[in-house]
Amino acid sequence: MLGRGLRKEFPNPKRIGCPGAEVLKKIASRKMPLSEVEVWLDHLGSCSPCYNDFSQFQSGYGRRQMRRLLALAASILILAGLAGWALVPKQKKPLATETAMLDLRNRSIPRGTKPNPAEPPLGVNRAAAHWSILLPFGSNDGPYDIRLLAGSGELLVSTKANAKLIDGVAVIHISVDLSSRSPGQCVLRLTRNGSQESSYVVELR
Ligand SMILES: [Zn+2]
């Protein structure tokens with residue numbers, strides 16, 4: 001309702017005070033910091049042409065995001081399939097094929113051994129035999145140390161893997177065996193090439 005009204009109620013044929021298409025695109029794609037967006041909110045709410053442009057950019061961006069996400073999910077399924085295939089001859093017990101996706105793309109890159117307390121834990125099913133870790137936007141590919149520590153400090157996972165860039169997102173694929181662990185919070189620690197550590201809370205379910 002609000003949107004429909006905004007589309008027509010505030011004509012501004014001379015586009016007085018309009019920020020221009022580039023600014024609207026940045027807001028729609030969420031590339032602009034909130035503090036800068038705030039400056040334009042009043043205008044967006046009182047200028048129909050800008051509001052229309054904005055909603056158009058926003059829906060275009062949403063579709064692109066969805067396409068990228070689908071492509072990414074497909075690549076990960078292929079990777080997971082290949083990893084599962086490679087394990088077949090060595091394993092006699094039934095192969096657990098479930099892959100958990102740990103999506104850190106929109107997380108900050110917390111520096112140090114303490115996770116960012118403002119971010120919710122990543123829920124992961126203990127039965128998953130493979131993890132696909134999608135690193136925060138801007139992360140580099142290359143060799144990573146991956147460690148998972150229980151609340152008690154016990155080391156549950158300690159492995160190395162290469163992050164590969166898939167559609168601009170650095171993805172790490174590892175195999176884990178946590179099915180016999182009890183549910184609870186753990187800390188995932190990622191270190192690239194011996195540089196500083198990033199930590200995230202993982203909730204084993
Ligand atoms: Zn305007």
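## Close-up views of an eight-stranded sheet

**View A. A hairpin links strand 7 and strand 8.** Four residues lie between the two strands of this hairpin, and asparagine 193 in the turn has a positive phi of about 55°. The model shown here, and in every view below, is predicted. Strand 7 covers residues 184–192, while strand 8 covers residues 197–204. The two run antiparallel and are joined by eight bridges. To find your place, look for threonine 191, which stands opposite glutamate 197 in strand 8.

**View B. Strand 4 pairs with strand 7.** Here the pairing is antiparallel and extends over seven bridges. Threonine 191 of strand 7 turns up again, this time opposite aspartate 145.

**View C. Strand 4 also pairs with strand 5.** Strand 4 spans residues 142–150 and strand 5 spans residues 155–166. Eight bridges hold this antiparallel pair together. Which residue of strand 5 is the bridge partner of isoleucine 146? That partner is threonine 159. As you follow a strand, keep in mind that in a regular strand the side chains alternate between the two faces of the sheet.

**View D. Stepping back, eight strands make up one open sheet.** Their order is 1-3-6-5-4-7-8-2, and the pairing is mixed. Strand 1 (99–103) and strand 2 (122–124) stand at the edges; each has a single partner strand, so one side of each is left without a neighbour in the sheet. On average, neighbouring strands of this sheet are turned by 30° against each other, with direction ignored.

Key. Residues numbered from 1 in each chain as written. Predicted model: local features only at pLDDT ≥ 70, side-chain atom pairs only at ≥ 80, totals over all residues. Pairing = 2+ DSSP bridges. Axes fitted to C-alpha atoms, helices over the stretch in contact; angles between N-to-C directions.
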